[in-house]
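The report that follows describes one molecular structure through its side-chain pairs, its helices and its nonpolar cores. Please keep the sequence and the 3D view at hand while reading.

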Amino acid sequence: MAIATRKGNFGVQKTRKKRSSAVLRPNRSRSGDVFIWFMLAIFGFFFAFPLIFAINNAFKPLNELFLFPPRLFVINPTLNNLQDLFIIMSRSWVTFSRYVFNTVFITAAGTIGHLLVASMGAYAVSKYEFPGSKMFFNLVIITLMFSGFVTAIPNFLVLAGLGWIDTYWAVIIPHFAFPMGFFLMKQFIDTVPQSLIESAKIDGAKEWMIYTRIVIPLIKPAMLTGMIFSVQALWNNPQANLIYTEQLKTLPFALSQIVGSPHTPNIARAGVGAAVTLVMMVVPITLFVVAQSNILKTMANSGIKE
């Protein structure tokens with residue numbers, strides 16, 4: 001009887017394993033897998049096409065840039081475009097390193113301040129109920145629907161009244177209120193269990209400790225995503241309407257002056273313009289590639305829900 005019972009249990013366990021494997025195995029044929037991979041490859045090529053085209057244009061000689069129909073890949077690669085770009089920048093009245101410093105300082109200070117202000121505000125709106133908290137969050141959502149050009153004039157008037165025009169702060173301080181980062185962090189903090197915060201308070205943790213030791217580690221995906229959006233917004237913005245002193249201008253503004261106006265393009269500097277596009281793409285794309293793995297890792301390891 002004991003042997004029969006063991007055999008019966010073994011048969012039940014074997015049946016359960018078959019059922020579980022049948023549930024885990026996707027009900028899809030090999031031809032379906034090939035079709036899905038084929039469609040993903042096509043869409044991936046379309047998404048990567050602008051990037052591949054811009055990289056190849058930076059290394060094309062002038063005669064290949066004006067070929068019709070245009071070719072995706074370069075035939076005779078050359079570094080003349082990048083060399084001409086650095087020669088032009090070396091002859092500038094303001095040194096190239098100064099433009100780079102201005103851009104890096106504005107981007108770093110604006111991003112750090114934005115992440116700090118947005119995360120603290122999102123934590124307060126998400127975990128505390130105070131008069132006007134819901135209305136404040138609704139206003140943030142409404143601002144996402146408007147372009148920066150809509151608020152350009154009021155923003156300029158406020159900064160002029162504060163005396164910040166033609167300074168770094170005219171670009172850095174308004175970016176602290178970048179609504180996209182606040183929205184992402186608030187939505188992510190909503191998934192943090194309230195019981196976790198209450199237990200920390202019972203153990204004697206203060207608000208700053210809860211914010212730095214509990215909330216920040218759990219919202220790393222949102223902070224990294226907000227960092228990517230913030231860097232892209234600051235790095236590629238010439239800020240020509242807020243900064244007038246040449247020593248304070250950013251690298252995008254200096255490079256745009258080299259290429260020329262879109263209405264009166266400089267054909268002789270078309271190769272330099274392609275090199276400018278490549279230089280401005282390097283930092284945002286590199287940051288996205290580096291932070292992408294961290295975002296996936298933190299999303300997989302910090303998915304705590306109540």
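Is K201 buried, partly exposed or exposed? At 36% relative accessibility, K201 counts as partly exposed, where buried means under 20% relative accessible area, exposed means over 50%, and partly exposed lies in between (1.4 Å probe, protein chains only).

The model is a predicted one, in which local features need pLDDT of at least 70 and side-chain atom pairs count only at pLDDT 80 or more, while totals for chains, interfaces and linings use all residues. Residues are numbered from 1 along each chain as its sequence is written, and side-chain values use heavy atoms, with hydrogens and water left out.

## Salt bridges

Side chains of opposite charge can pair when their charged atoms come close. A salt bridge is taken here as a side-chain nitrogen of Lys or Arg within 4 Å of a carboxyl oxygen of Asp or Glu, and a search of the whole structure finds 3 salt bridges.

| Lys partner | Acidic partner | N to O distance |
|---|---|---|
| K186 | D190 | 3.1 Å |
| K201 | E207 | 3.5 Å |
| K249 | E246 | 3.3 Å |

The burial of the partners can be set out pair by pair. K186 is buried, with a relative accessible area of 13%, whereas D190 is partly exposed at 35%. In the pair of K249 and E246, the lysine K249 is buried at 13% relative accessibility and E246 is partly exposed at 23%. E207, the partner of K201, is partly exposed at 38% relative accessibility.

## Aromatic pairs

Rings of Phe, Tyr and Trp (its six-membered ring) pair if their centres lie within 6.5 Å, and planes under 30 degrees apart count as stacked, over 60 as edge-to-face and the rest as tilted. By this rule the count comes to 11 aromatic pairs. One of them joins F101 and F105, whose ring centres are 6.0 Å apart with planes at 15°, so the pair is stacked. F101 and F105 are 4 residues apart in helix α5 (residues 96-127), which means that about one helical turn separates them; helices are DSSP runs (H or I, at least four residues) numbered from the N terminus. F101 is partly exposed at 44% relative accessibility, and F105 is likewise partly exposed, at 30%.

The rings of F137 and F183 also form a stacked pair, because their centres are 6.1 Å apart and their planes stand at 10°. F137 lies in helix α6 (residues 133-143) and F183 in helix α9 (residues 179-189), so this pair ties together parts that are 46 residues apart in sequence. F137 is buried at 11% relative accessibility, while F183 is partly exposed at 25%. Ring pairs also link F45, F46, F49 and F53 into a cluster.

The ring of F137 has a charged neighbour as well, since the charged end of K186 sits over this ring, 4.3 Å from its centre; the criterion asks for NZ of Lys or CZ of Arg within 6 Å of the ring centre and within 35 degrees of the ring normal.

## Helix α9 and the nonpolar cores

In α9, the residues P179, G181, F182, M185, K186 and I189 are buried. They cover an arc of only 160° around the axis (taken from the directions from the helix axis to the C-beta atoms), which puts them on the same side of α9. The buried residues of α9 pack against α5, α6, α11 (207-218) and α12 (220-235), with contact meaning heavy atoms within 4.5 Å.

A nonpolar core is a set of buried Ala, Val, Leu, Ile, Met, Phe, Trp, Tyr and Cys residues joined through side-chain atoms within 4.5 Å. Of the 22 residues in the largest such core, Y123, F182, M185, I189, I210 and V215 touch the most other members. The elements that give two or more residues to this core are α5, α6, α9, α10 (194-202), α11 and α12. Leaving aside its neighbours within four places in sequence, V215 is in contact with Y123, I189 and I210. A second, separate core of 15 residues includes L85, M89, A254 and V276.

In helix α4 (residues 80-90), the buried residues N81, L82, L85 and M89 cover an arc of only 100° around the axis, which puts them on the same side of α4.

## Backbone features

Most residues other than glycine have a negative phi, and most peptide bonds are trans. The peptide bond from F68 to P69 is cis, with omega near 0°, and P69 lies in the loop between α3 (62-65) and α4. D166 has a positive phi of about 70° although it is not a glycine, and its place is in the loop between α7 (152-162) and α8 (169-175).
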